[in-house]
There are 4 protein chains.
Amino acid sequence: MSFQNPVFIPGPTNIPERLRKACDMPTIDHRSPLFGQILHPAREGVRRVFKSESAEVFIFPSTGTGGWETALTNTLSPGDRVLAARNGMFSHRWIDMCQRHGLDVTVVDTPWGHGIPAERYEEILTADSAHEIKAVLATHNETATGVTSDIAAIRRALDAAAHPAMLFVDGVSSIGSMDFRFDAWGVDVAVTGSQKGFMLPAGLAIVGFSDTAMQATKTATLPRTFFDVHDMAAGYANSAYPYTPAVGLMNGLNDACGMLLSEGLDAVFARHHRIAEGVRAAVGAWGLELCAATPAVYSDTVSAIRTPEGFDATRIVTHAADTYGVAFGVGLGDVAGKVFRIGHLGSLTDVMTLSGLATAEMCMADLGLDIRLGSGVAAAQDYYRAHPALARKDAA
Amino acid sequence: MSFQNPVFIPGPTNIPERLRKACDMPTIDHRSPLFGQILHPAREGVRRVFKSESAEVFIFPSTGTGGWETALTNTLSPGDRVLAARNGMFSHRWIDMCQRHGLDVTVVDTPWGHGIPAERYEEILTADSAHEIKAVLATHNETATGVTSDIAAIRRALDAAAHPAMLFVDGVSSIGSMDFRFDAWGVDVAVTGSQKGFMLPAGLAIVGFSDTAMQATKTATLPRTFFDVHDMAAGYANSAYPYTPAVGLMNGLNDACGMLLSEGLDAVFARHHRIAEGVRAAVGAWGLELCAATPAVYSDTVSAIRTPEGFDATRIVTHAADTYGVAFGVGLGDVAGKVFRIGHLGSLTDVMTLSGLATAEMCMADLGLDIRLGSGVAAAQDYYRAHPALARKDAA
Amino acid sequence: MSFQNPVFIPGPTNIPERLRKACDMPTIDHRSPLFGQILHPAREGVRRVFKSESAEVFIFPSTGTGGWETALTNTLSPGDRVLAARNGMFSHRWIDMCQRHGLDVTVVDTPWGHGIPAERYEEILTADSAHEIKAVLATHNETATGVTSDIAAIRRALDAAAHPAMLFVDGVSSIGSMDFRFDAWGVDVAVTGSQKGFMLPAGLAIVGFSDTAMQATKTATLPRTFFDVHDMAAGYANSAYPYTPAVGLMNGLNDACGMLLSEGLDAVFARHHRIAEGVRAAVGAWGLELCAATPAVYSDTVSAIRTPEGFDATRIVTHAADTYGVAFGVGLGDVAGKVFRIGHLGSLTDVMTLSGLATAEMCMADLGLDIRLGSGVAAAQDYYRAHPALARKDAA
Amino acid sequence: MSFQNPVFIPGPTNIPERLRKACDMPTIDHRSPLFGQILHPAREGVRRVFKSESAEVFIFPSTGTGGWETALTNTLSPGDRVLAARNGMFSHRWIDMCQRHGLDVTVVDTPWGHGIPAERYEEILTADSAHEIKAVLATHNETATGVTSDIAAIRRALDAAAHPAMLFVDGVSSIGSMDFRFDAWGVDVAVTGSQKGFMLPAGLAIVGFSDTAMQATKTATLPRTFFDVHDMAAGYANSAYPYTPAVGLMNGLNDACGMLLSEGLDAVFARHHRIAEGVRAAVGAWGLELCAATPAVYSDTVSAIRTPEGFDATRIVTHAADTYGVAFGVGLGDVAGKVFRIGHLGSLTDVMTLSGLATAEMCMADLGLDIRLGSGVAAAQDYYRAHPALARKDAA
């Protein structure tokens, strides 16, 4: 493994030099005013990345999984009913968490590779005339399958059913990399982490709560302390935390928001789309298919690539690490051994991406797959040359 | 505020250069074998710092507070009875967490400045012939008051009462800085964080579970997912995590254990005692008193110093930050405004300590207290000169 | 030796966190436009720190000694006569360099501890009616003795003698820390390095040439290539170097100039004077004397402190390093063993300075000198309290 | 320009993470014993990389150009005759330096793209029966043309002529990357810098002197101070420098030697050869030719690639920087506009190399050259797959 090669896992992403330096901070007193100068703009920056005017942003020293737990325990009570689709490993895990916390989950099982069926959500919500369903869960981007679901459609399903349930969105591998609209989509709780679109090391759970979700915290009885948003809000009011914050990571988060907002969110999303299209062009040139069933659900942050029947896709990942010092993602759960994944989120250049494609080609050829060397690289080169990148500032 | 001055808060501590570099790590694939080469020795190193042969060590991307929640939710069920003393802000908060999680807490209120009354624990445990008490909580070092309690005495109380309750110890501001004996004291769950004795940034909850505690996890019904030790253990068996680990901090933890163990734990503890004695000599020279009631409970990691009646001790902390760019700790809870705190844990030299004492003197003089400049510094200089430091390796 | 203690050598100085990060730069192409974005503002920043409107600034990957060689070899020819005073080790070395390069040096021997005798320069220059003297050398701040000479007075001597000789000033330990006026004093070549007032690691020779000096380069016949300013100027015109530049250090230099200029040069000088006065107050409290003969020549960047007759002052420096992990400067040349030196230039806080004074006290007491512990610290505390520091921005 | 893309200039090279950290060092006292712990092993490490038992190694805060000046000024006197071939920009510059220092250079003009004609050297040396020639200069690897000359053959030429002239070798872009044998080849002065095979930032001139060269220093009369090896040797004897050393870079150099020697020099050379062969395979697949005239002189550290007649090769370099954020080298001197250069020395992986080749392809296609996308990448992939890399340790 070489620290000089990029990683192509779907998070943690490659960390820009500037953000590594922002995180590598000497000890400061987290109860001094200096900390407030990091905390408040970081929260404000996240809110803007969420495309929200009013979300309450909370940042925990934790991970996206902790963010999920924050969403559930602050807004729900034991026995509460929630609706969730299972179309990949991460939605699966979120459902499991609900069940462990004593929630009654209505699971919509969906083929892996497909998006959340908004129409099925609408049927169930419409049928729930008693409004027992308190929350609707949606994984915006299934990192396991490279499938992006249509959150606006889920909001429309809720509205069509005139259902008051809250909408919780797992945006771990979407926020900061693809379009996410907290306000416009009527999201009540959004969850992400530091190590994806924000291009930082893992270690922060980042969540946004709507007014509705904040109201729900008043009656929710699931036990919580570490992830309690009231304690956190009380701390913030005092420019502080209820416990010791991860100051360096917060400083990095503040700077990461600055980078994203300075580039412009739409430019950031276009950049991810462009890089992803090049990867997909390569996959096509290799004669392979994505796990994602249709172009409508292709993810701009990660591609899960199906390998031929009878071939163990995990061998590609192991071989890439052992032989070329490059990290790809294995298939998880139902698609274990059937796909390998190329993460293409965060701060990536054409040049870095091409190196990942070239490596994947060598690995597939080494392992006996019928791949023409250079073919995927050429397809991506074609795409990138034909679709010039926007000039970026602040890319260091 | 200057990044060039040391901090004198009781954590996060000053980070040695070497550990800053260990934490500042490029992205690696946390599912690759490389991660196992960090994870396993880090856990083993922590176990040795705990002075345990067999504790199961779990490391969460969280803080000490998350460690407390790990201890409770993995071993207890709603309604379970626990015994705890309240003699400072941190024991207070732990009790509060128990109550929020639906536990029945028998609180032994103890004057702030005093240690946990082991004899009172023994009475209560003896009286609990039905063995309703499932866990006994003890804060080894009350960071708010600078008071160290005698954990061995609490073990003796449990034994004298022949009581099977588990012993949970908050070692957040003691472990890695003062003597802690997981095995010898029969500790069942020990909790600490990365930002104290381990000299790292905040961001890791570090816990150890005894066999007894591991057994208790099988029947405990408090809901938990993020802090579930079974999920974590299953991950570890695969050299992985159930979610994304904080790899850089783990790398730092591994290196921090290496530093502590290479110096020798007893040498580390002696070093902390020596530095603390110099601070206490200065306090005496100033004509002030510690919050800690008797020398037997003086803490070697933090001194809470009482200021004269009618003087708001918090002003010293604010003034030190504003005027001299130095961070001390304010008084918390019952002793807010009555004490200020000098943290003296982690990697500190005589020279750094003297600079903190000199600063405290200037602040007190600036604010009108009757302090002779140089008096505390001279007392500490005397102590340090008369008690030479052991040679340290690996101190960079 | 601990990396956590400040150093008190008269350079290299303590490096602010921000400058360490500016220097720690990934490889860039030094022939790309990116390099010009570092080079040009760095040269412009240096020019402003020199208080010059028009000096040609050259930056070599070298040290102050290389800067001296640049001054001589670009402007003089073998056999040329120069005038120089010898009042310390650094002026001695410069004279030695002149002689090795075949120059004819008229040496004005001056007691160490005294400043350059401008009146003697005037006599010699006046006597040189043939204008054989081509250059007058002046060490602005003798780092070996802690003596600052009056460069304006030397300019007046030249003017009084109506002598056309060039004025070369060694500003290694003055520029960026004490008032230096390239234009107002009619300096022709000024020399410094990166590791003093610029607070960077060693590795850059920084020189400024006046129009007169640039004219002299056309006829100077001393051989030169690496230090040739014409090659360098030709490179600069192309945003490049005649060889590979030290890009990270240049980036740090650019940022250092930004810090100094943002603080304001006069504020920087006042800050150095204030810190130095505190050190001198401590020396007085110890009952010791400076090597510098009169207050008029006291240096604001380094104090050379005489120890009692019969005591080997070098022992203090050795003992401080061995026992307390603190670096002071030894005496050099004529004052070896007679003085030890406390460097107080660059980015120093009151708190850091007091730690150095406290250490010096311990060392002197350890070695049997009759020093009252805390006495120097108290004197400095008094001074610092009575003379509050200006607020600094950008001090990280 | 992105700091995340590798650079493909022939130095400075990409800096391994570990070496960046080694260089980024807090200030230490360069007169303390700590410095000796860096200096001595660094010199010893360099000696071993030179494959010498007895070379005196000197390390200056300078660059390779300063190293050349060190070689000349310490061993020669004005008017001394030297023999040198001019077959590229760097040999040209060295000859220019000789002339500026008053040496009498017998120049063997050699077509750019060809190696040094050892047979011509032999003729000239044989004809010089008076032994007027004091030194024979040889550029081991012409960075401008990607041509490696046969130094052993030059030694044989000297021996065949029974000529006592010293042999000076510019190993700037060879040492640490391709086989270099100070002792076996009878080299008298070898010169390199920190920013090539040692994988560090620029800022150090590294030279080795044989006993013969050291003898010559006693009579050499070219003026020198900064580059005087006697001053340097006197400093080293005291674990110090005659001026302020670049401590962080020295620390990095020590660590770099550790990396190279731990990998094994022959493995390092094999690694460079393998990477270079892949690049050359790509060049062939593109239908282009190297500037290097024959395989015997192909350089394993840099390839200068001829572009078709009438095409300005410099446009590739500009376009790569502007459009793809990647740095290649332009043609210099006689081959300006006729070649572009791909540096492939230092710490490079297959993956990094392929990204450079993919970028070059895009640039050439963008600018209208008849290049099939992916063709060079495929050729290099083929080569790398067929020639597996040795496992490397210490590659971080």
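Colleague: Leaving aside its neighbours within four places in sequence, which residues is D:Arg224 in contact with?

Modeller: Happy to start there, and please keep in mind that this is a predicted model. D:Arg224 sits in the loop between helix H7 (211–216) and helix H8 (229–237) of chain D. With those sequence neighbours set aside, its contacts are C:Arg100, C:His101, D:Thr73, D:Asn74 and D:Thr217.

Colleague: Does D:Arg224 count as buried or exposed?

Modeller: Buried here means under 20% relative accessible area. D:Arg224 has a relative accessibility of 10%, so this arginine counts as buried.

Colleague: And which side chain is joined to that of D:Arg224 by a polar contact of 3.0 Å?

Modeller: Two polar contacts of this side chain can be looked at in turn. With the side chain of D:Asp228, D:Arg224 makes a polar contact at 3.1 Å. The one at 3.0 Å leads to the side chain of D:Asn74.

Colleague: C:Arg100 came up among the contacts of D:Arg224. With which residue does C:Arg100 form a salt bridge?

Modeller: Between chain C and chain D the count is six salt bridges. In the one formed by C:Arg100, the closest N and O atoms are 2.8 Å apart, and the partner is D:Asp231.

Colleague: Thanks! What is the area buried between chain C and chain D?

Modeller: The contact draws on 47 residues from chain C and 47 residues from chain D. On the side of chain C, C:Phe3, C:Thr27 and C:Arg100 lose the most area to chain D, together 15% of what that side buries. Carbon and sulfur atoms give 60% of the total, which is about 4,200 Å².

Colleague: Which elements give two or more residues to the side of chain C that touches chain D?

Modeller: Across this interface, 14 residue pairs are in polar contact. By type, the residues on the side of chain C divide into 23 nonpolar, 14 polar and ten charged. The elements that give two or more residues to that side are helix H3 (64–75) and helix H4 (89–100) of chain C.

Colleague: Let's turn to the strands of chain C. Which residue does C:Leu83 stand opposite in E4(C)?

Modeller: Strand E4 (residues 133–139) of chain C has six of its seven residues buried. Strand E2 (residues 81–86) of chain C runs parallel to E4(C), and four bridges join the two. In this pairing, C:Leu83 stands opposite C:Val136.

Colleague: What residue in E7(C) stands opposite C:Ala135?

Modeller: E4(C) also pairs with strand E7 (residues 166–170) of chain C, in the parallel sense and over five bridges. There, the residue opposite C:Ala135 is C:Met166.

Colleague: In chain D, which strands stand at the edges of the open sheet E10-E11-E13-E12?

Modeller: This sheet has four strands with antiparallel pairing. Within it, E11 (residues 302–306) and E13 (residues 339–343) of chain D pair over five bridges, and D:Ala304 stands opposite D:Arg341. Each edge strand has a single partner strand, so one side of each is left without a neighbour in the sheet; these strands are E10 (289–290) and E12 (329–330) of chain D.

Colleague: One last residue: what is the relative accessibility of D:Gly113?

Modeller: D:Gly113 lies in the loop between strand E3 (104–109) and helix H5 (118–127) of chain D. Beyond four places in sequence, its contacts include D:Asn87, D:Thr145, D:Cys291 and D:Val297. This glycine counts as buried because its relative accessibility is 0%.

Notes
Residues numbered from 1 in each chain as written. Chains lettered and ligands numbered in written order. Predicted model: local features only at pLDDT ≥ 70, side-chain atom pairs only at ≥ 80, totals over all residues. Heavy atoms only, no water. Buried < 20%, exposed > 50% of the residue type's maximum accessible area, 1.4 Å probe, protein only. Pairing = 2+ DSSP bridges. Contact = heavy atoms within 4.5 Å. Buried area = accessible area lost by both parts, 1.4 Å probe. Salt bridge = Lys/Arg side-chain N within 4 Å of Asp/Glu carboxyl O. Polar contact = N/O pair within 3.5 Å; in protein donor to acceptor, adjacent residues only side chain to side chain. Nonpolar A, V, L, I, M, F, W, Y, C, P; charged D, E, K, R; others polar.
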